[in-house]
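Please look through the structure shown below with an eye to which parts are enclosed and how they are held against one another. The paragraphs that follow move from single strands to a sheet, then to its aromatic side chains, and finally to a helix and the nonpolar cores.

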Amino acid sequence: MSELAILGGPKTRTESYPAWPVWDQRDIDAVTEVIKSGRWGGYPYPGPKTAELAKRFAEMQGGGYAVPMANGTITMEVALRAAGIGWGDEVIVPGYTFQATASAPMGAGAIPVIVDVDPNNYCLDPKAAERAITSKTRAIIPVHLGANMADMDSIMVLAEKHDLIVIEDCAHAHGAKWNGRGAGTIGHFGSFSLQSSKTLTTGEGGILLCRTPELAAKAASIIDCGRPHALGGGAEDDSMDYQVGGNFRLSEIAAALALVGVERFPAQAKEREAMADYMDEALSEIPGIRLLRRDARHTTRSFYRYIFAINPDEFGMEHDLLAGALDSEGIEADTGYEAMNKYTLFQPHKSRLAVPNAFPEYFDFTNMKLPAAERASEHEAVWFDENVFRAGQKGVDDAIAAIRKIQANAKELNEAADELRTKYGR
Ligand SMILES: Cc1ncc(COP(=O)(O)O)c(C=O)c1O
């Protein structure tokens with residue numbers, strides 16, 4: 001019998017990693033309180049729980065004016081609209097991210113201009129961003145990916161030089177810090193998702209951190225059907241202007257849950273960080289594995305996903321085999337995002353969206369090369385779930401033991417590769 005679980009052998013880890021999200025009586029009490037109050041929804045915006053969440057979250061990240069809303073995609077669309085960015089404007093986005101980073105500009109009528117990532121950390125490469133700047137460029141959306149942060153110093157220099165708006169996509173970066181400053185407080189906006197997999201979650205939700213009270217007022221208005229809001233995004237203020245908006249408010253029930261999450265966050269973050277340091281050390285001893293480079297200015301890491309890279313020749317197999325085999329061993333892992341130039345999603349005939357149909361030349365990916373993003377998505381990247389870092393030292397030890405076992409059985413796994421790829425649809 002094979003030693004590998006994917007080929008019928010015994011699993012390295014039989015016990016599940018801890019479930020996410022975690023909850024206790026505090027969540028039940030918080031929701032019960034809102035239910036009993038009768039003030040369930042987000043209208044009038046902001047409700048008391050939403051206002052408290054805005055305050056607490058801005059404190060947690062260390063700055064900005066927070067506007068809670070429906071999710072972490074609309075946050076980016078609203079940021080662009082609040083900054084006056086719209087039809088035909090170009091917005092630079094990295095080619096290795098969740099599709100939301102590129103679809104949000106399209107929602108605002110702007111064109112996502114896709115550039116490559118830095119192979120050292122898989123975040124937006126500032127040099128690639130600079131090469132993509134034209135007279136139509138109005139914004140950059142760096143994504144702080146997995147547990148890394150984009151080089152915010154270089155991005156802000158670029159933004160200043162070319163008068164660009166910076167929206168940090170912090171869907172993976174709650175609690176992260178760059179030079180001691182919270183993610184999302186360095187650019188003009190910080191966009192956070194509170195969707196159920198995120199490290200601060202309320203099921204579905206988002207928070208937009210805005211650099212100025214004026215931008216926060218505009219954002220609050222856009223998500224509250226255009227009703228005017230006071231500076232900072234506070235209560236309705238009829239002395240201000242109405243604008244076109246929609247209902248993207250956060251409900252009070254969701255805000256109450258998020259408030260408990262904010263309380264719980266520091267202990268969870270500390271645990272993940274300690275275990276990830278331990279993982280760094282253990283992984284760095286395995287031949288063929290490359291840790292993503294942590295910039296010295298990235299002073300506090302936050303772990304939504306832990307990403308490492310393999311050199312397939314040296315490690316002994318391609319990353320899809322390793323991730324698939326890890327999963328079977330009981331260690332949740334995957335190969336992460338597809339490089340965006342391989343998407344068919346945005347093709348004009350497929351999306352039927354206004355932007356790709358009006359500007360099809362930007363969506364012809366035939367000659368677009370994103371070497372770092374393509375290598376990550378096709379050969380190198382392996383993503384661990386955050387829960388691997390909430391299971392004590394044993395959680396990490398099991399992951400390392402599984403990697404070593406898979407590497408030791410590389411020959412057998414490679415021989416079964418075709419069959420496994422057919423079976424698992426890769
Ligand atoms: C990098 C990134 N940006 C944006 C989003 C969008 O967040 P939401 O699902 O809350 O809209 C996600 C995840 O869902 C994400 O991973």
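A residue is called buried here when its relative accessible area is under 20%. With that cut-off in hand, and bearing in mind that this is a predicted model, a useful place to begin is strand β3, residues 111-115, where five of the five residues are buried, so that the strand is largely enclosed by the rest of the structure. In a regular strand the side chains alternate between the two faces of the sheet. In β3 both faces are covered, with Ile-111, Val-113 and Val-115 buried on one side and Pro-112 and Ile-114 buried on the other. Strand β2, residues 90-94, pairs with β3 in the parallel sense over five bridges, and within this pairing Val-93 has Ile-114 of β3 as its bridge partner.

A comparable question can be put to a strand much further along the chain: how many of the residues of β13, which spans 381-385, are buried? The count is five of five, and the strand is accordingly described as mostly covered. On one side of β13 lie Ala-381, Trp-383 and Asp-385, on the other Val-382 and Phe-384, and each of these residues is buried.

The setting of β13 becomes clearer from the sheet to which it belongs, an open sheet of four strands in the order β10-β11-β13-β12, with antiparallel pairing. The strands β10 (289-291) and β12 stand at the edges with a single partner strand each, so one side of each is left without a neighbour in the sheet. Reading across the sheet, β10 and β11 pair over three bridges in the antiparallel sense, with Leu-291 standing opposite Phe-308 of β11. Strand β11, residues 305-310, is in turn joined to β13 by five bridges, again in the antiparallel sense, and here Tyr-306 stands opposite Phe-384. Strand β12, residues 333-334, has an antiparallel pairing with β13 over two bridges, in which Ala-333 stands opposite Phe-384. Helix α10, residues 319-328, lies across β11, β12 and β13, and runs at about 20° to β13.

Several side chains of this sheet also take part in aromatic pairs, of which a search of the whole structure finds 14. The rings of Phe-308 and Phe-384 have their centres 5.5 Å apart and their planes at 45°, so this pair counts as tilted. Phe-308 belongs to strand β11 and Phe-384 to strand β13, so far as the chain is concerned 76 residues apart, and the pair thus links distant parts of the chain. Phe-308 is buried, with a relative accessible area of 0%, and Phe-384 likewise counts as buried at 0% relative accessibility. The rings of Tyr-337 and Trp-383 have their centres 4.8 Å apart and their planes at 75°, so this pair is edge-to-face. It too links distant parts of the chain, with Tyr-337 in the loop between β12 and α11 (348-351) and Trp-383 in strand β13, 46 residues apart. Both Tyr-337 and Trp-383 are buried, and together with Tyr-96, Phe-98 and Tyr-122 they form one aromatic cluster.

Some of these aromatic residues return when the nonpolar cores are considered. The largest nonpolar core has 101 residues, and those with the most contacts inside it are Val-67, Ile-92, Tyr-96, Tyr-122, Leu-145 and Phe-189. Leaving aside neighbours within four places in sequence, Leu-145 is in contact with Tyr-96, Thr-97, Tyr-122, Cys-123, His-172, Ile-307, Tyr-337 and Trp-383. A second, separate core of 38 residues includes Ile-286, Ala-325, Leu-326 and Phe-389.

Helix α7, residues 213-223, offers a last example of an enclosed element. Eight of the eleven residues of α7 are buried, so the helix is largely enclosed by the rest of the structure. The buried residues are Leu-215, Ala-216, Ala-217, Ala-219, Ala-220, Ser-221, Ile-222 and Ile-223, and what covers them includes β1 (65-69), α3 (74-82), β8 (189-193) and β9 (206-210). Just after α7, Cys-225 takes a positive phi of about 55°.

Two further side-chain arrangements place an arginine over an aromatic ring: Arg-13 lies over the face of Tyr-17, at 3.9 Å from the ring centre, and Arg-305 lies over the face of Tyr-304, at 4.2 Å from the ring centre.

How values were computed
Residues numbered from 1 in each chain as written. Predicted model: local features only at pLDDT ≥ 70, side-chain atom pairs only at ≥ 80, totals over all residues. Heavy atoms only, no water. Buried < 20%, exposed > 50% of the residue type's maximum accessible area, 1.4 Å probe, protein only. Contact = heavy atoms within 4.5 Å. Core = buried A, V, L, I, M, F, W, Y, C linked by side-chain atoms within 4.5 Å. Pairing = 2+ DSSP bridges. Phe/Tyr/Trp six-rings, centres within 6.5 Å; stacked < 30°, edge-to-face > 60°. Lys NZ or Arg CZ within 6 Å of the ring centre and 35° of its normal. Axes fitted to C-alpha atoms, helices over the stretch in contact; angles between N-to-C directions.
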